[in-house]
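Visitor: I would like a close look at a single part of this protein, with its surroundings put in context. Please start from one residue and work outward.

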Amino acid sequence: MNELVSYSQDNELAIITINNPPVNALSPGVPEGIAEGVARANADDAIKGLVLIGGGRTFIAGADIKEFGKVISGEKKEGSLLPLLTALEDSPKPVVAALHGSAFGGGLEIAMACHYRVAAKDAQVGQPEVKLGIIPGAAGTQRLPRLAGVAKAVEMCVSGAPVKAADALAAGLVDQLIEGDLLAGAQAFLREKIAANATHPRTRERNDKLGDEATNTPLFAAARESAKKTARGLTAPFAAIDAVEAATKLSFDEGVQVERKLFEQCLFSDQAKALMHVFFAEREVAKVPGLSPDAKSIEIKQAAIIGAGTMGGGIAMNFANAGVPVLLKETTQEALDRGIATITKNYSNTVKKGRLTEEAMAERLALITPTLGYDGFENADVIIEAVFENMALKKEIFAELDKRAKPGALLASNTSSLNLDEIAATTSRASSVIGLHFFSPANVMRLLEIVRGKATSDEAIASAFALGKLMKKVGVLVGNCHGFVGNRMFFQYMREGHFLVEEGASVEAVDKALTDFGMAMGILAVDDMAGIDVGVKVRQENAKHEAPGRRQPLVVDRLYEMGRYGQKTGAGWYKYDENRRATPDPAVAALIEKTAQAAGITRREIGAREIVERCVYALINEGAKILDEGYALRAGDIDIVYLNGYGFPAWRGGPMWYADTVGLKTVYDRVCEFQAQHGAWWEPAPLLKRLAETGGTFAALGKAKGD
Ligand code: T1G
């Protein structure tokens with residue numbers, strides 16, 4: 001055998017164990033090792049049955065995604081799992097797969113080729129391939145409907161969501177759940193089957209769950225309709241439906257051929273490259289080069305928050321959801337009551353949707369202690385200030401915290417734009433001060449910008465990442481520049497949206513071009529949701545950090561002066577009904593015409609392509625400046641910020657990956673054109689220029705810095 005797969009024997013049973021930490025991926029050598037074990041067991045008369053099991057924390061979590069990069073780049077040919085699957089299924093001696101952890105992708109496909117599957121109670125199974133822009137490529141779309149039925153197979157392959165062991169049992173995917181020792185349970189199960197001299201079922205021959213034309217046709221039609229909504233812009237989910245449909249219409253082998261073709265089409269697509277980039281980038285963000293390996297996170301057993309407004313309340317819910325007791329401080333009883341009422345309403349909505357029980361809601365609310373004073377703050381491991389954006393107020397609060405908080409406590413500000421170093425300087429422990437920039441609604445949005453100040457210690461950074469993980473957030477380390485990473489880039493994106501309507505595009509055209517591009521929402525609809533008043537105040541603050549005399553948006557200021565703040569006032573760029581549904585407002589179109597005329601702007605036809613380029617290239621150009629100035633560690637980090645905080649489509653990989661996909665020379669040339677047409681706002685980032693001239697990419701940059 002090889003070091004990745006071991007073979008052992010327990011009397012008449014062979015045990016084949018995969019040892020390829022951390023997740024027993026099907027890296028080169030693993031399928032070969034399993035095949036060798038199957039052959040050896042079948043060649044040994046003393047052996048009556050085989051157990052396939054994963055060493056360490058999980059069964060096989062799928063193909064080795066790293067290897068796909070080499071196949072896509074043509075560096076290597078993709079190996080096929082089909083011979084191994086046939087060897088397992090045609091084994092004259094029964095094979096049981098013993099599942100724990102995550103039996104995903106190729107791991108589940110291997111298990112489905114075994115005659116039986118048993119699982120630990122906390123195991124999960126799944127076909128998450130669509131999350132990587134591909135579909136199952138080892139007959140999963142052919143065996144899954146045969147075991148779990150057509151509807152379940154479509155649901156699993158289109159959503160990519162994991163299925164708990166108990167549900168897998170109910171669906172017929174697993175034959176038995178094992179309490180206690182999984183291997184012992186699997187052996188006992190197998191010995192029963194051997195003793196019963198059962199006919200060991202071959203999944204590929206089981207057609208009883210494949211349904212018929214009458215039931216399947218509406219099912220596939222409904223699946224395609226719903227995928228249009230749930231998987232907007234993605235191609236793989238539709239390919240997965242086609243592959244499962246082939247299973248219901250063709251023979252097993254013909255179906256496998258159809259799946260193979262669809263799999264290869266997906267594998268070599270830009271979407272697959274982008275989504276695989278996202279898979280690794282999301283795991284890379286937690287790795288901070290140069291962070292001292294001894295930097296340990298504090299233990300977070302008690303938290304405290306100052307400010308029970310929208311952000312403070314959402315942050316408190318994150319602690320309660322993670323089981324951490326939290327003090328929530330306000331200055332007046334009225335504000336405190338309002339804060340608690342909003343939290344309670346949020347939880348009730350979740351209960352109404354059946355995603356939380358009444359008991360769990362009560363438990364979480366019990367963990368949130370409203371207070372008007374600082375009593376108890378001396379016991380908090382982490383204290384987060386979430387009051388409105390006013391430097392003097394934040395300094396006052398941090399000076400108070402400096403006196404009250406225990407040594408080693410993490411002192412954090414949820415500021416989204418103020419200078420963290422200035423806040424930290426009001427304390428005698430700037431090394432314990434860090435920025436924790438949550439995104440609204442803070443109990444929902446996954447992104448957490450972790451802002452490193454000049455004095456912030458490695459321990460504080462390690463603690464912030466641990467806190468992010470505790471709250472199931474994606475923590476990204478960013479530098480302390482104005483607007484940090486996300487907002488600093490967003491200001492440019494928003495600006496172009498504002499300019500485009502003045503220059504000739506309609507409000508709806510700007511938003512449609514961006515949503516067609518894949519953005520979750522159009523920029524003007526976002527402006528209305530976040531509040532035009534908030535945006536205008538932030539821009540006035542920004543103007544202090546920008547070169548004077550630059551062109552500024554006009555219409556949005558008119559809307560502000562008219563009190564049209566967006567959703568919250570029932571009118572902004574759009575007008576809104578009582579359910580906050582938006583409709584275009586001719587009054588705004590007229591206002592735009594009038595304002596442009598008064599400013600001497602000749603409006604013109606502007607196509608969707610220019611709208612996307614103006615907005616998205618503004619993001620990219622600013623992202624390049626941020627990278628060059630060192631306020632982000634990697635281009636991939638910027639991509640993860642935009643996917644988790646700003647609704648950028650994952651299947652485009654994020655703004656920096658998208659730029660590489662378009663080609664930096666193309667982006668740079670277009671930015672230069674915009675500079676010539678629209679002036680200083682479009683000064684190309686030096687890094688973009690350098691990479692465009694040298695044929696470089698943002699993705700390779702990270703690697704160059706030896707990350
Ligand atoms: N290939 C390569 N590396 C992988 C990997 C994989 N499949 N899964 C995880 N890793 C690495 C990951 O990058 C990280 O590395 C470390 O393992 C721990 O991961 C043939 C075509 C299993 C639920 O999509 O969902 O099979 O950062 O931090 O939170 O038809 O990993 O430490 O250097 O995520 O405990 C289908 C992907 C492949 C599963 C564990 N399978 N993985 O989560 O750990 S396509 C997947 C996961 C396929 C077949 C098709 C999760 C996990 P590093 P982690 P975790």
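Guide: Take Leu688 as the starting point, in what is a predicted model. Setting aside neighbours within four places in sequence, Leu688 is in contact with Asn621, Ala624, Leu664, Val667, Tyr668, Val671 and Phe698. Two residues of this group, Leu688 and Phe698, also appear in a second list: together with Ile383, Val510, Trp573 and Phe648, they touch the most other members of the largest nonpolar core, which has 97 residues. The element that gives the most to this core is helix H25, residues 608-629, with 11 residues. In soluble globular proteins, nonpolar side chains tend to be buried together.

Apart from the core around Leu688 lies another one, of 85 residues; Ala14, Val51, Cys114 and Ile241 are among them. Val51 leads to a further residue, Gln187, because Val51 is one of the contacts of Gln187 beyond four places in sequence, and Gln187 is itself buried, with a relative accessible area of 7%, under the 20% cut-off. The other contacts of Gln187 on that count are Asp10, Leu13 and Ile15. Gln187 lies in helix H8, which covers residues 182-195.

Helix H4, residues 106-113, is a case of a mostly covered element: eight of its eight residues are buried. They are Gly106, Gly107, Leu108, Glu109, Ile110, Ala111, Met112 and Ala113. The list thus includes Glu109, which counts as a negative charge.

Now the whole chain, for context. The protein has 30 helices and 19 strands. Its radius of gyration is 28 Å, close to the 27 Å that the globule rule gives for 707 residues, so the protein is as compact as a globular protein of that length. The C-alpha trace spans about 90 × 60 × 50 Å along the principal axes. Of the 707 residues, 55% count as buried. Among contacts with a separation of 6 or more, 72% come from residues 24 or more positions apart; the pair Leu688 and Asn621 is in contact as well.

As for the surface, the protein exposes about 29,300 Å², and carbon and sulfur atoms supply 55% of that area. The protein carries 80 positive and 88 negative charges, and the mean positions of the two sets are 1 Å apart.

Notes: Residues are numbered from 1 along each chain as its sequence is written. This is a predicted model: local features need pLDDT of at least 70, side-chain atom pairs count only at pLDDT 80 or more; totals for chains, interfaces and linings use all residues. Side-chain values use heavy atoms; hydrogens and water are left out. Helices (H or I, at least four residues) and strands (E, at least two) are DSSP runs, numbered from the N terminus. The radius of gyration is taken over C-alpha atoms; the globule rule is 2.2 Å times the number of residues to the power 0.38. Buried means under 20% relative accessible area, exposed over 50%, partly exposed in between (1.4 Å probe, protein chains only). Contact means heavy atoms within 4.5 Å. Accessible areas come from the Shrake-Rupley method with a 1.4 Å probe; for residues, only the protein chains shown count as cover. The place of a charge is taken as NZ of Lys, CZ of Arg, CG of Asp or CD of Glu. A nonpolar core is a set of buried Ala, Val, Leu, Ile, Met, Phe, Trp, Tyr and Cys residues joined through side-chain atoms within 4.5 Å.
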